[in-house]
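The exercises below are meant to be worked with the sequence and the 3D structure open. Try each task before reading its solution.

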Amino acid sequence: MTATAAPAATVVVDGGYELAEGGRWADGRYVYVDILSGRLFGLDAAGPARLACLDVPLGAVAPVEGRPGTWIAAAGTGIALLSADGTVEWLDRPEDRTPLPSRMNDGVADPAGRFWAGSMAYDGTRGAGSLYRTDHDGTVVRVLDGLTIVNGPAFSADGTIMYFADTAAGTIFRCRVDPGSGDLSGAPETFARPAEGEGGPDGMTVDAEGCLWVAMWGAGTVHRYHPDGRLLLIATVPAPHPTSVCLHPTENRLLVTTARYGVKDPTRTSGAVLGIPVPARGTAACSWHDR
């Protein structure tokens, strides 16, 4: 049975961001991006602090193992390393080699230490997006193509299951992954397809119980799914475009980024970070291992 919850949401960061996304718990704090402005933020008791600023869109980051203050990022047309001193080292820019103007979007490191990120065409052309994997040696591999707006991914604790969304297609996919090689075991299968009017699946995370939480762009909700695909919970968000979700590792609290982008009359909760009490906890973000 699906439960619908409308707990009181609090504004954690009233940033007025155009497209806040990529919320993760990393290095003992909450980090997130404002995609179109290319900015990375970290949140602590003193409030949000800017950690990096690029001259290209910044989709998401993951910490780099053993290198404090360094991030691997889905940015611009590819994958880069962002150093604490502001240096940017590009590993590859595969979207430079595509026929349409495109950018990287959401991304995450898996439990085996690889970094996965999706792409999309600026004009939302169907089938122009791809899913990439960055291996330990820095090689960027196109794993899937023919997608449109790739969001997620998110992984099971053992790294054998990957979820990702094609927001434009309104579909959440599930893949089996070989943790040793990073290869997919077979084609992606449909995990869930929200009904008409329930929004487009956007950023996602797996909680400590193995359930999948998904921000639903355009619907002002967050869905929680059982690993078998059952919809367990719909949490209401006081903003039409929630973009990413992050569960606090020690508190029963969901942190949700939202967007002002595409909102006709944005309020204080659009383009903010919101906190919502929920019956689950998360885990810290995985790191990318370079070698």
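The exercises concern a predicted model, and each is followed by a worked solution.

**Exercise 1. Overall form**

Task: Determine how many helices and strands the chain has, and decide how its radius of gyration stands against the globule rule.

Solution.
- Step 1. Count the elements: there are 25 strands and 0 helices.
- Step 2. Compare the radius of gyration, 17 Å, with the 19 Å that the globule rule gives for 291 residues; the two are close, so the chain is as compact as a globular protein of that length.
- Step 3. Take the extent along the principal axes: the C-alpha atoms fill a box of roughly 45 × 45 × 35 Å.
- Step 4. Add the burial: of the 291 residues in the chain, 54% are buried.

**Exercise 2. The sheet that contains β8 and β9**

Task: Give the strand order of the open sheet that contains β8 and β9, and name its edge strands.

Solution.
- Step 1. Follow the pairing across the sheet: the 4 strands come in the order β7-β8-β9-β10, and the pairing is antiparallel.
- Step 2. Find the strands that pair on one side only: these are β7 (58-63) and β10 (88-92), the edge strands.
- Step 3. Look at the geometry: from one strand to the next, the twist averages 30 degrees.
- Step 4. Examine the central pair: β8 (residues 71-75) and β9 (residues 78-82) run antiparallel and are joined by 5 bridges.
- Step 5. Use one position to fix the register: Ala 74 has Ile 79 in β9 as its bridge partner.

**Exercise 3. Strand β16 and its partners**

Task: Decide whether β16 is enclosed or open to the outside, then describe its pairing with β15 and β17.

Solution.
- Step 1. Apply the cut-off for burial, a relative accessible area under 20%. By this test 6 of the 6 residues of β16 are buried, so the strand is largely enclosed by the rest of the structure.
- Step 2. Separate the two faces. One side carries Ile 161, Tyr 163 and Ala 165, the other carries Met 162, Phe 164 and Asp 166, and both faces are covered.
- Step 3. Take the pairing with β15: β15 and β16 are antiparallel over 4 bridges. Val 150 has Asp 166 as its bridge partner, a residue that is buried in β16.
- Step 4. Inspect the connection between β15 and β16: they form a hairpin with 5 residues between them, and Gly 159 in the turn has a positive phi of about 75 degrees.
- Step 5. Take the pairing with β17 (residues 171-176): β16 and β17 are antiparallel over 6 bridges. Here Phe 164 has Phe 173 as its bridge partner.
- Step 6. Inspect the connection between β16 and β17: this hairpin has 4 residues between the strands, and Gly 170 in the turn has a positive phi of about 65 degrees.

**Exercise 4. The sheet that ends in β23**

Task: Place β23 in its open sheet, and characterise Val 245.

Solution.
- Step 1. Write the order: the 4 strands run β2-β25-β24-β23, with antiparallel pairing.
- Step 2. Identify the edges: β2 (10-13) and β23 each have a single partner strand, so one side of each is left without a neighbour in the sheet.
- Step 3. Note the turning: direction ignored, neighbouring strands of this sheet are turned by 30 degrees against each other on average.
- Step 4. Examine the pairing of β23: 5 bridges join β23 to β24 (residues 253-258), and the two run antiparallel. Within this pair, Cys 246 stands opposite Leu 255.
- Step 5. Turn to Val 245, which is found in β23. Its relative accessible area is 1%; the cut-off for burial is under 20%, so Val 245 is buried.
- Step 6. Compare sequence with space: Val 245 and Gly 275 are 30 residues apart in sequence, with their C-alpha atoms 9.9 Å apart.

**Exercise 5. The two pockets**

Task: Describe the largest and the second largest pocket by volume and lining.

Solution.
- Step 1. Start with the largest pocket, whose volume is about 490 Å³. It is lined by 30 residues, and Phe 155, Thr 205, Val 206, Thr 283 and Ala 284 lie nearest its centre.
- Step 2. Classify this lining: 20 residues are nonpolar, 6 polar and 4 charged.
- Step 3. Assign it to strands: among those that supply at least two residues each are β15 (150-155), β16 (161-166) and β23 (242-247).
- Step 4. Go on to the second largest pocket, with a volume of about 410 Å³. Its lining has 16 residues, of which Leu 19, Arg 103, Met 120, Ile 149 and Tyr 261 lie nearest the centre.
- Step 5. Classify that lining: 9 residues are nonpolar, 4 polar and 3 charged.

How values were computed. Residues are numbered from 1 along each chain as its sequence is written. This is a predicted model: local features need pLDDT of at least 70, side-chain atom pairs count only at pLDDT 80 or more; totals for chains, interfaces and linings use all residues. Side-chain values use heavy atoms; hydrogens and water are left out. Two strands pair if DSSP finds at least two bridges between them. Axes are lines fitted to C-alpha atoms, for helices over the stretch in contact, and angles run from 0 to 180 degrees between N-to-C directions. On a 1 Å grid over the protein atoms alone, a cavity is a set of points where a 1.4 Å probe fits but cannot get out, and a pocket is an open set with protein on both sides within 12 Å along at least five of seven lines; lining residues have an atom within 4 Å of a point. Grid points are joined across faces, edges and corners, and a volume is the space filled by probe spheres set on the points. Ala, Val, Leu, Ile, Met, Phe, Trp, Tyr, Cys and Pro count as nonpolar, Asp, Glu, Lys and Arg as charged, and the others, Gly among them, as polar. The radius of gyration is taken over C-alpha atoms; the globule rule is 2.2 Å times the number of residues to the power 0.38. Buried means under 20% relative accessible area, exposed over 50%, partly exposed in between (1.4 Å probe, protein chains only).
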